[in-house]
Amino acid sequence: MKYIDEFREPELISKTAEEIRRLADPGRHYRMMEVCGGHTHAIYRFGLKGLLPPNIELVHGPGCPVCVLPMGRIDDGLSMAADGNVIFTAFGDMMRVPGTHGSPLEHKARGADIRIVYSPADALKLARANPGRHVMFFAIGFETTAPSTALTLMRAKAEGIRNFSVFCNHVTIIPAIRAILDSPDMRIDAFIGPGHVSTVIGCRPYEWIARHEGKPIVVSGFEPLDVLQSVVMLLRQLQRGEAKVENQYRRVVSWDGNRAALKAMAEVFTLRSYFEWRGMGFISQSALALNDAYADWDAEKRFSIPGIRVTDPKAAQCGEVLKGVLKPAQCKLFGNECTPERPVGALMVSSEGACAAYYLYEHRKNMLVAIPA
Amino acid sequence: MCLAIPGKIISLGDDPAHSALIDVVGVRRRVDVSLVEPDGIGPGDWVLIHVGFAMSKLREQDAIDQLRMLTVLGETEAAMEEVRGYSADVDDPQPKEHSSP
Amino acid sequence: MAAASTKVRFRDAQIEMAHGAGGKASRRLIEGLFAPILFGSSSEPLGDAAHISMNGTRLAITADSFVVSPLIFPGGSIGELAVNGTVNDLAVSGARAETLVVTFVLEAGLPTEVLETEVRAMGRAASAAGVAIAGGDTKVVEHGKADRMYITTAGVGRLIPGVQCSARSARPGDVVLLSGPIGDHGITILLARGELDLEADLCSDTRPVLPMVEALAEAAAPGLRWMRDPTRGGVATALNEFARDCGLGVFLYEDQVPVRDAVRGACELLGLDPLHIANEGQFLAVVAPEYGNRALKSLQRTEGGYGARIIGEVREQPACAVLASTTYGGTRIVDMLVGDPLPRIC
């Protein structure tokens with residue numbers, strides 16, 4: 001596959017891993033946070049941790065839009081599905097996320113009309129094809145996905161499609177990174193920056209991380225060579241005592257981002273003054289809502305939602321794992337009460353959450369089971 | 001948020017407007033290309049696809065440059081300096097803007 | 001070598017789609033509800049078919065049900081799946097299918113033409129596989145109570161001489177073979193449903209694997225430890241079940257697993273793992289190392305088996321788990337899914 005296989009080339013990967021081992025100062029312990037859940041997934045899927053020397057620790061950041069969605073919001077979305085006239089649409093990622101009374105798949109098993117879509121455009125298509133029903137699209141994702149929702153809403157408005165609404169749960173990445181950096185027990189040395197969010201927002205929004213916080217950040221692609229090369233670039237900066245924004249993912253990301261995407265977002269969305277992030281609390285100006293021009297397509301205005309806040313049990317230590325203070329396996333609930341099948345906290349809910357990824361891909365490597373003779 | 005994949009444009013379409021037929025090793029789908037049309041796209045171009053929308057036009061030269069940089073890892077500093085002269089400067093925080101063909 | 005065993009209790013309040021997907025939830029239902037009540041105190045791991053003795057003759061018997069939408073898809077239809085699936089269950093348990101019985105649950109309103117098409121497909125598939133369909137039953141339910149047509153089968157066959165498969169006979173160093181490229185069936189069905197708007201030149205791989213199993217048996221019967229057809233849940237599920245049943249680990253050479261380009265492309269686009277996708281015309285075999293190459297060659301020389309590969313080996317650790325490794329040394333645990341694989345965007 002072009003643009004994929006070249007970046008999985010074994011010899012180059014070995015070479016880059018070798019360079020990392022050469023560059024890493026054995027007297028130093030490096031903590032690098034990959035912000036985006038897609039990177040967490042890539043790191044585990046390609047077994048990249050095993051290629052790094054033991055003194056480079058990868059800390060998994062909060063960039064998983066499914067994980068950080070509070071359970072109350074899932075309940076709100078599902079409450080709309082209770083209306084028999086509504087077709088509830090969402091990405092596959094949402095389907096197993098537990099609400100207070102079950103996940104969307106479980107609601108579907110009980111008769112709700114819940115359908116997986118690959119694209120918000122498919123949800124709009126459903127609305128066109130079913131004029132007698134109302135199609136609600138449960139929108140999630142960071143800035144990577146928000147422009148697609150925006151374009152879809154612009155299309156709905158232009159075509160006068162009234163039986164369509166969006167339940168907007170788009171969140172923005174910069175406030176999340178800021179929250180990580182502001183926390184007093186923060187111990188991150190450098191950041192592997194979100195590659196696909198950056199195709200939209202560009203690299204400029206990260207400059208304050210380098211300038212004011214003094215942390216290097218490299219915007220990275222998702223193939224093994226991309227992540228490894230980003231680690232090389234971060235090590236070089238750390239070695240030289242530098243802190244800059246660098247773009248490793250040049251074949252896709254441009255410094256200024258995608259103007260058309262930003263324009264579409266500005267046309268449709270407004271910033272909420274605050275939004276709750278599961279495992280991180282309330283963060284100001286960190287999420288999007290439909291603006292007044294699109295009020296007619298705003299599911300929160302069309303439907304009256306319970307809006308009840310559901311908190312995670314105190315025993316769930318998601319916040320500490322998110323900031324890198326604890327490793328997933330160190331949370332008391334990990335693997336016992338909290339598993340991917342029965343997630344208690346945010347990071348177990350989706351396969352790219354730090355705890356779920358670790359559980360699914362890694363931790364059994366370390367469990368040596370004694371075999372009776 | 002992050003699952004996006006490169007695909008090749010086979011043809012541009014009128015129905016629906018702003019759409020293109022893309023191919024990913026033999027799998028074909030219509031995607032919305034509104035976000036990359038300003039860059040100028042046509043059949044044969046590669047774009048990054050996320051939830052049925054093209055997000056960015058892939059720049060082959062940057063891919064080649066990146067791979068070349070990795071190929072020479074581990075060689076002498078002098079050789080690396082030479083390579084840096086050819087490709088976009090790694091140490092420059094304001095990389096040169098690549099004009100789209 | 002005893003298998004690591006954990007007591008399984010089925011605690012779910014209601015049945016979900018996941019319980020039929022062939023993954024962890026299915027296993028919990030079978031081991032936690034059906035097995036304790038129906039299967040008695042047998043400590044044998046559950047396999048695709050049961051081996052029974054009647055008047056001194058050893059037979060294999062299996063039953064299966066087929067629920068698929070759409071009924072007809074590129075490469076096959078539900079009727080073919082039903083026949084081939086049953087033949088394959090018997091084949092991978094080391095038996096030659098001889099006779100099938102078939103039942104239909106039909107939805108009122110189903111056009112006769114559709115039913116006839118499937119019945120003819122079953123006839124053709126049975127002929128091609130060399131099995132007889134001896135009889136069956138039909139029920140018709142109200143419109144809306146069955147997804148057009150459900151087919152259930154039961155099949156009986158005679159054991160292939162010399163073949164004695166059991167996960168527990170596996171030893172570290174054994175070699176894992178796969179008969180051909182994976183993911184074709186599952187992705188074909190996913191695309192055929194039309195909800196994802198993807199098109200590809202793919203078709204289901206449904207076919208009887210018996211000819212390949214017989215070739216394998218001829219070449220390597222004394223060293224043949226275990227076989228399974230990786231249907232729902234894919235190769236990942238089948239190998240995880242094997243690992244749990246024998247208490248050993250499977251080390252998978254990820255880059256050796258054959259996957260067609262179009263399957264790869266669809267999986268990359270949708271965020272799916274080919275190892276979790278259903279197959280209807282492939283099988284896995286574990287053989288003793290000294291038989292490895294002989295076994296591989298025998299498959300590759302059989303019609304339809306040229307895509308066979310050695311994809312891994314059995315190791316002591318990680319016990320009861322499957323570890324996949326890439327050529328550059330990256331490793332990850334390959335788990336079985338809870339339910340059906342779902343497309344993702346993150």
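## Helix α10 and the sheet of chain A

In this predicted model, α10(A) lies across five strands: β1, β2, β7 (190-193), β8 (217-219) and β9 of chain A. Its direction is at about 150° to β7(A).

Those strands form an open sheet of five, in the order β2-β1-β7-β8-β9 (chain A). The pairing is parallel. At the edges sit β2 (56-63) and β9 of chain A, each pairing on one side only. Neighbouring strands of this sheet are turned by 20° against each other on average, direction ignored.

## A pair of strands up close

Take β1 (residues 30-36) of chain A and β2(A). The two run parallel, joined by six bridges. One position to look at is A:M32, which stands opposite A:L58 in β2(A). In general, strands of a sheet pair through backbone hydrogen bonds, either parallel or antiparallel.

## Where chain A meets chain B

Here 46 residues of chain A are in contact with 32 residues of chain B. Several elements of chain A each supply at least two residues to its side of this contact. Among them are α2 (37-45), α5 (120-129), α6 (146-159) and α8 (195-201). The list also includes α10 (224-239), β9 (245-247) and α11 (259-268). The largest share, five residues, comes from α1(A), which spans 10-23.

By class, the side of chain A that touches chain B has 21 nonpolar, 14 polar and 11 charged residues.

## Where chain A meets chain C

This contact takes 42 residues from chain A and 33 residues from chain C. On the chain A side, α1, α2, α4 (104-109) and α14 (354-361) each supply at least two residues. The largest share comes from α2(A), with four residues.

The side of chain A that touches chain C divides into 24 nonpolar, nine polar and nine charged residues.

## Chain C as a whole

Chain C contains eight helices and 15 strands. Its C-alpha atoms fill a box of roughly 60 × 55 × 45 Å, taken along the principal axes. Is the radius of gyration of chain C what a compact globule would have? A compact globule of 346 residues would have a radius of gyration near 20 Å, and chain C has 19 Å, so the two agree.

Buried residues make up 55% of the 346 residues in chain C. Contacts also reach along the sequence. Of those in chain C between residues at least 6 apart in sequence, 83% join residues at least 24 apart.

Technical notes: Residues are numbered from 1 along each chain as its sequence is written. Chains are lettered from A and ligands numbered from 1 in the order in which they are written. This is a predicted model: local features need pLDDT of at least 70, side-chain atom pairs count only at pLDDT 80 or more; totals for chains, interfaces and linings use all residues. The radius of gyration is taken over C-alpha atoms; the globule rule is 2.2 Å times the number of residues to the power 0.38. A residue is buried if 20 or more other C-beta atoms lie within 10 Å of its own, exposed if 12 or fewer, and partly exposed in between; C-beta atoms are placed from the backbone. Two residues are in contact if their C-beta atoms, placed from the backbone, lie within 7 Å. Ala, Val, Leu, Ile, Met, Phe, Trp, Tyr, Cys and Pro count as nonpolar, Asp, Glu, Lys and Arg as charged, and the others, Gly among them, as polar. Two strands pair if DSSP finds at least two bridges between them. Axes are lines fitted to C-alpha atoms, for helices over the stretch in contact, and angles run from 0 to 180 degrees between N-to-C directions.
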